[in-house]
Amino acid sequence: MIALAAGAVLWVNRDTTPAPGRGAGTIVARLVQHESLPRDLKPYAGLGTWVDGFDFGPAYTKATPAIAPRAVDDMAASGVKTVYLQAVRDDARSPGGVVDRALVAEFLLRAHRRGMRVVGWYLPKFTDLDLDLTRLQQIADFEVLGHRFDGVAVDIEATDEVPDVAERNQRLIELSTRLRAVSGHDVLGAIVLPPVLTEVVNQRYWPDFPYPELHPLYDVWLPMSYWTFRSSSSGYHDGYTYNDESIRRLRSNLGDGNAVVHAIGGIGDLVTVDELARFAQSLVDDRAVGGSIYDWNSMTSEARTALAAEFATGAAAHLPLPP
């Protein structure tokens, strides 16, 4: 905590000029959050954006990381309500789990200072469930000056490490059950492969995904509807079609027509303005509570502006509030 607080002091001193007679300690005191916000569905509403460890972790880049915490200011100016941050990884370059403690703390503080939420996410590999659970708890327990993550989400897509589908499904269910047990009533997010991919495009990718078993363990679903990976001839290289069908299939698989969805489109530097408009319309038609494009670093300034407009005055401006 001392180290994190010291990092916060350095950040504030870079970002703010103290008033006469006020030192850094006073500024830090103003940053202290005395009561954490509940981990509910609100962070998943509206416009979000994504930052992964490869974009901000110094250990993952040979040069200066592509994204620094100051990028949060640009995100806020573009109407982003929630930053989805890969705070923890199962990787030798993150030996303690957290990608970079000082930078993660700065992202969290800066986002909260801008009135934004931060959801921490992690990609389990299912080879060591104790380790995966520990990493997820690191997100839940991370705290700086009273600030903590506003949500925890699990990126469910790793298949190579446990190739046997039945075994992988069982491990996913066990990890999710254990995570739910330690999370209490906190909202948990499931970042999932889009059903169109696993049921139409490539049925061998992850067959028999255990939707019914996972349904009671997660509160919000974030399908990765990356239409930019699909060919035009398939009919799925479309911001509306791919996401719309994935959401409908997802809810059908869950047996829950009202399942809460925050849809993710992508990839940022491949999407067009027209595709973003169609993606935004699909969010409205499918009653999603929010949407985002993967990821902030890859999005062009034109795409950021267009997506911001869709959520400010366009199709996605009046998405339903989370239940």
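Good morning. I begin with a pairing of strands: strand 3, residues 117–122, runs parallel to strand 6, and four bridges join the two. One of the positions concerned is Trp-121, whose bridge partner in strand 6 is Ala-153. Please keep in mind throughout that this is a predicted model.

Let us stay with strand 6. Besides strand 3, strand 6 also pairs with strand 7, again in the parallel sense, over five bridges. Here Ala-153 stands opposite Gly-189 of strand 7. Ala-153 therefore has a partner in strand 3, namely Trp-121, and another in strand 7, namely Gly-189.

Is strand 6 enclosed by the rest of the structure, or open to the outside? Six of its six residues are buried, so the strand is largely enclosed by the rest of the structure. Both of its faces are covered: on one side we find Gly-151, Ala-153 and Asp-155, on the other Val-152, Val-154 and Ile-156, and all are buried.

May I now place this strand in the whole chain. The chain contains 12 helices and 10 strands. It has 323 residues, of which 56% count as buried. If we take the contacts with a separation of 6 or more, 81% of them are between residues 24 or more positions apart. The chain exposes about 13,700 Å², and carbon and sulfur atoms supply 51% of that area.

I turn next to helix 7. What span should we expect for its 19 residues, 165–183? At 1.5 Å a residue, the expected span is 27 Å; the end C-alpha atoms are 26 Å apart, which agrees.

Which residues of helix 7 are buried? They are Arg-168, Asn-169, Leu-172, Ile-173, Leu-175, Ser-176, Leu-179, Arg-180 and Ser-183. Viewed down the axis of helix 7, these buried residues fall within an arc of 165°, so they line one face of the helix. On the other side of the helix, Ala-166 and Ala-181 are exposed.

What covers the buried residues of helix 7? The cover includes helix 6 (129–141), strand 6 (151–156), strand 7 (188–192) and helix 9 (211–214). Strand 6, with which I began, is thus part of the cover of helix 7.

The two ends of helix 7 also merit attention. At the N-terminal end, Asp-164 acts as a cap: one of its side-chain oxygens lies 3.4 Å from the backbone nitrogen of Ala-166. Towards the other end we meet Ser-183, which lies in helix 7. With a relative accessible area of 14%, Ser-183 is under the 20% cut-off and is therefore buried. A polar atom of the Ser-183 side chain lies 2.7 Å from the backbone oxygen of Leu-179. Just after the helix, Gly-184 takes a positive phi of about 60°.

That brings me to some details of the backbone. Most residues other than glycine have a negative phi, and most peptide bonds are trans. Which residues, although not glycine, have a positive phi? Leu-145 is one of them, with a phi of about 50°. Leu-145 sits in the loop between strand 4 (143–144) and strand 5 (147–148), and at 10% relative accessibility it counts as buried. Arg-287 is another, with a phi of about 55°. The place of Arg-287 is the loop between helix 11 and strand 10; with a relative accessible area of 43%, Arg-287 is partly exposed.

Where do we find cis peptide bonds? One joins Gly-266 and Ile-267, with omega about 5°. Ile-267 belongs to the loop between strand 9 (262–266) and helix 11 (273–285). Another joins Tyr-294 and Asp-295, with omega about -5°. Asp-295 lies in the loop between strand 10 (290–294) and helix 12 (301–312).

I finish with helix 12. Its 12 residues, at 1.5 Å a residue, should span 16 Å, and the end C-alpha atoms are indeed 16 Å apart, which agrees. The buried residues of helix 12 are Ala-303, Ala-306, Leu-307, Ala-308, Glu-310 and Phe-311. Against what do they pack? Their neighbours in contact are strand 1 (46–51), helix 11 and strand 10.

To close, I return to the start: strand 6 pairs with strand 3 over four bridges and with strand 7 over five, and strand 6 also helps to cover the buried residues of helix 7. Thank you.

Terms used. Residues numbered from 1 in each chain as written. Predicted model: local features only at pLDDT ≥ 70, side-chain atom pairs only at ≥ 80, totals over all residues. Heavy atoms only, no water. Expected span 1.5 Å × (residues − 1). Buried < 20%, exposed > 50% of the residue type's maximum accessible area, 1.4 Å probe, protein only. Arc of directions from axis to C-beta. Contact = heavy atoms within 4.5 Å. Polar contact = N/O pair within 3.5 Å; in protein donor to acceptor, adjacent residues only side chain to side chain. Areas by Shrake-Rupley, 256 points an atom, 1.4 Å probe, with all protein chains shown as cover. Pairing = 2+ DSSP bridges.
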